[in-house]
Amino acid sequence: MNASPKAIVIGASAGALDALSVILPALPASFKLPLMVVVHIPPDKHSILAELFQAKCRITAVEAEDKEPIMGGTAYFAPPDYHLLVETNGTLSLSSEEPVLFSRPSIDVLFESAADAYGPDLTAIVLTGANEDGAKGLACVVEAGGTAIVQNPQDAFASAMPESAIAICPDAQVMSLAAIAAYLQKV
Amino acid sequence: MSAPEKVEDIEIRLLLEALYHQYHYDFRNYAMASVKRRLKQAREQLGFATISALQESVLHNPAMVPRLLGYLTVQVSEMFRDPSYFRAIREKVVPHLRTYPSLKVWVAGCSGGEELYSLVILFREEGLEERTLFYATDINQEALQIAEAGIYNLDRIQLFTENHRKSGGKSSLSDYYTAAYGRASFDKTLRQQVVFSDHSLVTDAVFAEMHLISCRNVMIYFDRPLQDRALGLFRESLARKGFLGLGAKESLRFSQHADAFNDFVREEKIYQRDGR
Ligand SMILES: C[S@@+](CC[C@H](N)C(=O)[O-])C[C@H]1O[C@@H](n2cnc3c(N)ncnc32)[C@H](O)[C@@H]1O
């Protein structure tokens with residue numbers, strides 16, 4: 001486990017909006033790290049996630065663009081109907097590959113590529129959700145030496161996603177949303 | 001991120017070199033995160049212990065090439081995908097195209113033909129098909145064969161029909177195919193104005209002057225310099241005031257060729273070549 005990560009990845013599904021609303025607006029304007037975020041959203045063309053959090057947060061919130069350089073202090077949201085991947089050269093890529101576990105964007109795809117790019121310098125967080133996406137990706141993060149955090153299934157809106165993540169990564173740190181927010185403020 | 005290169009990364013790099021030197025398929029400057037993911041899948045599913053073992057097989061057995069291409073090239077597509085794009089072509093681009101006596105349209109990276117047939121049907125509905133020559137190109141031969149056959153599973157037709165309607169379709173999609181045995185077979189007259197051919201945006205050159213180029217969700221798989229190469233081809237290939245349509249999440253914003261194009265329908269990533 002690494003005390004000072006270089007990037008954060010977050011995955012959330014059912015109940016995502018409320019959960020992220022606890023975590024992201026709590027981050028200070030001085031927050032140095034990039035956050036890449038996958039939320040399962042319907043494949044319609046337009047997502048309001050980035051706008052919504054831009055209005056609520058002190059950090060910058062944007063929808064990720066293809067080949068965009070990754071900047072600190074910014075939350076990048078995967079666009080609807082595209083996977084978001086992290087390249088080892090510090091940029092983001094989008095892909096319209098097949099959905100994974102019925103999801104595009106997929107948390108596993110983001111986590112796996114970020115684990116490859118950042119190795120031990122990555123912290124990955126699995127939040128509320130009603131499926132299994134994120135569990136395999138979290139295992140990749142752990143295998144690469146990164147830090148795994150999972151929302152306590154007991155206070156998650158939907159517990160299946162945190163539960164599957166914990167099942168695959170028994171050593172993940174299990175935290176409440178408030179604890180995750182506090183943790184991020186200190187990284 | 002400056003750790004020593006992982007063994008698997010070295011193997012992947014060498015496999016891509018091998019593929020290029022032996023077969024002239026050049027994936028060396030594709031966006032690597034996705035290539036890696038897909039090569040790992042290929043290794044697992046084709047039953048090799050390492051990427052090096054996969055490489056050996058590919059080098060010595062040409063029959064492996066199409067199988068590997070099946071993994072390396074993403075084939076996801078649908079007819080009238082992003083209906084608002086086709087609506088914009090219909091409502092904003094077609095009125096300009098009408099002013100030409102003859103037209104050339106290039107669907108670059110046409111995959112199994114879904115995007116091509118969408119445009120041919122749209123052109124037929126707008127009365128432009130007869131004066132248009134369509135070029136449908138891809139590097140994946142199997143995809144080109146599917147495109148030429150124009151046969152899709154019936155379970156996809158509902159989505160295609162819905163998209164067609166949302167794109168402002170003036171007819172019923174069912175006018176263009178016959179259904180049998182769980183498959184929809186698109187009318188061969190839709191292909192009479194189409195040339196299918198093997199062409200790579202990475203290694204091949206411009207082959208004709210175009211009035212419209214549609215290249216959707218192909219360049220996201222390239223790295224930035226390779227995107228620039230492809231856009232350079234499009235720039236060279238387009239007639240003055242010709243149109244370029246990209247995927248919903250692709251743009252010219254970061255490109256060295258941005259100056260050669262103007263936003264035409266900004267939200268739909270449709271650009272117009274300048275008049276020079
Ligand atoms: C995701 S599909 C896009 C299909 C269609 N254009 C659409 O948007 O629905 C990407 C296609 O690009 C093709 N492709 C990949 N590299 C290419 C290259 N260098 N030159 C031409 N086509 C390429 C692949 O074989 C695949 O058929």
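What radius of gyration does chain A have, and what would a compact globule with 187 residues have? Some notes on this and on the rest of the structure follow.

1. On that opening question: chain A comes out at 14 Å, and a compact globule with 187 residues would be near 16 Å, so the two agree. Do keep in mind while reading that this is a predicted model. Taken along the principal axes, the box filled by the C-alpha atoms of chain A is roughly 35 × 35 × 30 Å.

2. Staying with chain A, I get 6 helices and 9 strands for its secondary structure. Of its 187 residues, 59% are buried. Sequence separation is worth a look too: take the contacts in chain A between residues at least 6 apart in sequence, and 70% of them join residues at least 24 apart.

3. Now the interface. Chain A and chain B each put 29 residues into the contact. Together they bury about 2,400 Å², with 44% of that on carbon and sulfur atoms.

4. What does the polar side of this interface look like? The rule finds 17 residue pairs in polar contact across the interface of chain B and chain A, both residues being at pLDDT 80 or more. On chain B, helix 2 (32–46) and helix 9 (224–237) each supply at least two residues of the side that touches chain A. Helix 2 of chain B gives the most to that side, with 6 residues. Sorted by class, the side of chain B that touches chain A holds 12 nonpolar, 12 charged and 5 polar residues.

5. Salt bridges between the chains: the rule finds 7 of them across the interface of chain B and chain A. One to pull up on screen is D116(A) with K36(B), where the closest N and O atoms are 2.4 Å apart.

6. Over all chains, the salt bridge count comes to 26. Within chain B, have a look at E126(B) and R90(B), whose closest N and O atoms are 2.9 Å apart. This pair links distant parts of the chain, 36 residues apart: E126(B) is in the loop between helix 6 (114–125) and strand 2 (132–138) of chain B, while R90(B) is in helix 5 (residues 83–97) of chain B. Both E126(B) and R90(B) are buried. They also belong to a network of salt bridges that links R90(B), R98(B), E125(B), E126(B) and K170(B).

7. Two further chain B pairs are worth setting side by side. R273(B) and D274(B) meet through their side chains in a salt bridge, at 2.8 Å from N to O, and both R273(B) and D274(B) are buried. R13(B) and E5(B) also form a salt bridge, with the closest N and O atoms 3.0 Å apart. Are R13(B) and E5(B) buried or partly exposed? R13(B) has 43% relative accessibility, so it counts as partly exposed. E5(B) has 39% relative accessibility and therefore also counts as partly exposed.

8. Last, a lysine in the helix from point 4. K40(B) lies in helix 2 of chain B. With a relative accessible area of 25%, K40(B) is partly exposed. For a sense of distance, the C-alpha atoms of K40(B) and K188(B) are separated by 38 Å, the two residues being 148 residues apart along the chain.

Conventions: Residues are numbered from 1 along each chain as its sequence is written. Chains are lettered from A and ligands numbered from 1 in the order in which they are written. Side-chain values use heavy atoms; hydrogens and water are left out. Contact means heavy atoms within 4.5 Å. Buried area is the accessible area (1.4 Å probe) that two parts lose on being put together, summed over both. A salt bridge is a side-chain nitrogen of Lys or Arg within 4 Å of a carboxyl oxygen of Asp or Glu. A polar contact is a pair of N or O atoms within 3.5 Å; within protein, one must be able to donate a hydrogen and the other to accept it, and residues adjacent in sequence count only if both atoms are side-chain atoms. Helices (H or I, at least four residues) and strands (E, at least two) are DSSP runs, numbered from the N terminus. Ala, Val, Leu, Ile, Met, Phe, Trp, Tyr, Cys and Pro count as nonpolar, Asp, Glu, Lys and Arg as charged, and the others, Gly among them, as polar. The radius of gyration is taken over C-alpha atoms; the globule rule is 2.2 Å times the number of residues to the power 0.38. Buried means under 20% relative accessible area, exposed over 50%, partly exposed in between (1.4 Å probe, protein chains only).
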